[in-house]
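Grab a coffee and open the viewer: here are some short exercises to work through with the structure beside you. Try each task before you read its solution.

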There are 2 protein chains.
Amino acid sequence: DGDALTPPRIDSRREVARSRLFTVEALELTFSNGATRSFERLKSGGHGAVMIVAMPDPDHVLLIREYAAGPEQYVLTLPKGLIDPGEDPVTAANRELMEECGFGAHDIEPLAELSLAPNYMDHRMNVMLARDLYEKRLPGDEPEPLVVERHRLDELPALLAREDFHEARAIAALFMARERLLAGEELHSPDWW
Amino acid sequence: DGDALTPPRIDSRREVARSRLFTVEALELTFSNGATRSFERLKSGGHGAVMIVAMPDPDHVLLIREYAAGPEQYVLTLPKGLIDPGEDPVTAANRELMEECGFGAHDIEPLAELSLAPNYMDHRMNVMLARDLYEKRLPGDEPEPLVVERHRLDELPALLAREDFHEARAIAALFMARERLLAGEELHSPDWW
């Protein structure tokens, strides 16, 4: 797909701000054409994150309602959380699902790895498709119990029309899950043979 | 859709870190059940942002390849940028399209408003569908010219399989554009009547 681009040279990196959760790093860059720029980015700490498309049956997905400090509102989104040290993404997805929704999954497969805003951050989210669920609750660190809702995956357009459902990663994850399931049906349908 | 939840009380807000681009705010919250938490979030400055699904013809979309300081790699994504003071989102979308891709659009309509990570930020992105394009280039502030590529919208699965295409908002935007176009075809198809 075209020539490989020559990436800029990174002349310096330094930390310019830090809080409990966030660290900002400034980069001085020289592009291959000689142009120079100062960029800032958030450094990703930790071990990555997971987001789970959990299906209690072939038609439904589990969504959570939780308080979001950004817009200062309750939002509808997918269960998600940080990977603990030493955890693999599948184990982390199963733990978060138990903590946030009260379910474990016998079947967890990777769907995608999504970035948030690559110009400004290095955060990546492992999106998992979880099926064959069983009831199991683990205590989480939520300040209040999350409301768990079941929504039909084929009613994605209605979900998208809601005021409280807008997180890009959750929207991308649900479309990708639907795409995966439709592709699987085509492969496995007797009509197809 | 269920009872309205009682949002937490915000007991205090204070700035805890600041750099050229980022401001971190700490919130002290008391939830309706009495639980207290300290949250941190990035304050959104500015006037919002736009992302553009631009279609030079009914089958293709324009993608850009640009250097992303997060992963320190060239990534494939949709044209996007910040709304200038006094600009409306449609004008901003048209300007960014001229700067980044060398096209203007006679037809620009809103597709969605996406959030990035509502637990930690208040950022929202206005996603626009741009059609009926014409050639027009405005000078941008990019350090090097962006590579503009045409991709078939019906080859979204192939795009998703690429290592350099992972930005959640771009993925959500392309799926939503495809959904909008398919819905439009159903509405306008003579077969439907």
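**Exercise 1. A loop residue with an unusual backbone**

In which loop of chain A does E72(A) lie? Work out what its backbone and side chain are doing, keeping in mind that this is a predicted model.

*Solution.*
Step 1: place the residue. E72(A) sits in the loop between β5 (60-68) and β6 (73-77) of chain A.
Step 2: check the backbone. Most residues other than glycine have a negative phi. E72(A) is not a glycine, yet it has a positive phi of about 60°.
Step 3: check the surface. E72(A) has a relative accessibility of 29%, so it counts as partly exposed, since that class runs between 20% and 50%.
Step 4: look for a partner. The side chain of E72(A) meets that of R41(B) in a salt bridge, with 2.9 Å from N to O.
Step 5: repeat the check in chain B. E72(B) lies in the loop between β5 (60-68) and β6 (73-77) of chain B, and its phi is positive too, near 60°. With a relative accessible area of 27%, E72(B) is partly exposed.

**Exercise 2. Following R41(B) into chain B**

Find the salt bridge between E25(B) and R41(B), and say which parts of chain B it ties together.

*Solution.*
Step 1: find the contact. The side chains of E25(B) and R41(B) form a salt bridge at 2.7 Å, N to O.
Step 2: assign the strands. E25(B) belongs to strand β2 of chain B and R41(B) to strand β3 (residues 36-42), so the pair ties together parts that are 16 residues apart in sequence.
Step 3: ask about burial. Both E25(B) and R41(B) are buried.
Step 4: visit another residue of the strand. T23(B) lies in strand β2 (residues 23-30) of chain B and is buried, at 13% relative accessible area. Beyond its neighbours within four places in sequence, T23(B) is in contact with residues including E15(B), A17(B) and R41(B).

**Exercise 3. Describing the interface**

How many residues of chain B are in contact with chain A? Build up a description of the interface from there.

*Solution.*
Step 1: count the residues. 70 residues of chain B are in contact with 70 residues of chain A.
Step 2: take the area. About 6,100 Å² is buried between the two chains, and carbon and sulfur atoms give 59% of that. In chain B, the residues that lose the most area to chain A are L5(B), Y67(B) and P143(B), which together make up 10% of what that side buries.
Step 3: count the polar links. There are 38 residue pairs in polar contact between chain B and chain A. On the side of chain B that touches chain A, helix α3 (residues 168-188) of chain B gives the largest share, with 8 residues. By class, that side has 37 nonpolar, 9 polar and 24 charged residues.
Step 4: count the salt bridges. The interface of chain B and chain A has 6 salt bridges, while the structure holds 40 over all chains.

**Exercise 4. A salt bridge between helices**

Locate the salt bridge between E179(A) and R178(B), and decide whether each residue is buried or exposed.

*Solution.*
Step 1: read the distance. The closest N and O atoms of E179(A) and R178(B) are 2.9 Å apart.
Step 2: name the helices. E179(A) is in helix α3 (residues 168-188) of chain A and R178(B) is in helix α3 of chain B, so this pair joins two chains.
Step 3: apply the cut-off. Buried means under 20% relative accessible area. E179(A), at 18%, counts as buried, and R178(B), at 16%, counts as buried as well.
Step 4: look at another pair. R9(B) and D11(B) meet in a salt bridge at 2.7 Å, N to O. Here R9(B) is exposed at 53%, and D11(B) is partly exposed at 40%.

**Exercise 5. A network in chain A**

Which residues are linked with E99(A) in a network of salt bridges?

*Solution.*
Step 1: list the members. The network links D84(A), E87(A), R95(A), E96(A) and E99(A).
Step 2: place E99(A). E99(A) lies in helix α1 (residues 89-101) of chain A and counts as buried at 14% relative accessibility.
Step 3: look further along the sequence. E99(A) and L146(A) are 47 residues apart in sequence and 9.5 Å apart in space, C-alpha to C-alpha. Leaving aside neighbours within four places, the contacts of E99(A) include R137(A), P139(A) and E142(A).

Methods:
Residues are numbered from 1 along each chain as its sequence is written. Chains are lettered from A and ligands numbered from 1 in the order in which they are written. This is a predicted model: local features need pLDDT of at least 70, side-chain atom pairs count only at pLDDT 80 or more; totals for chains, interfaces and linings use all residues. Side-chain values use heavy atoms; hydrogens and water are left out. Contact means heavy atoms within 4.5 Å. Buried area is the accessible area (1.4 Å probe) that two parts lose on being put together, summed over both. A salt bridge is a side-chain nitrogen of Lys or Arg within 4 Å of a carboxyl oxygen of Asp or Glu. A polar contact is a pair of N or O atoms within 3.5 Å; within protein, one must be able to donate a hydrogen and the other to accept it, and residues adjacent in sequence count only if both atoms are side-chain atoms. Helices (H or I, at least four residues) and strands (E, at least two) are DSSP runs, numbered from the N terminus. Ala, Val, Leu, Ile, Met, Phe, Trp, Tyr, Cys and Pro count as nonpolar, Asp, Glu, Lys and Arg as charged, and the others, Gly among them, as polar. Buried means under 20% relative accessible area, exposed over 50%, partly exposed in between (1.4 Å probe, protein chains only).
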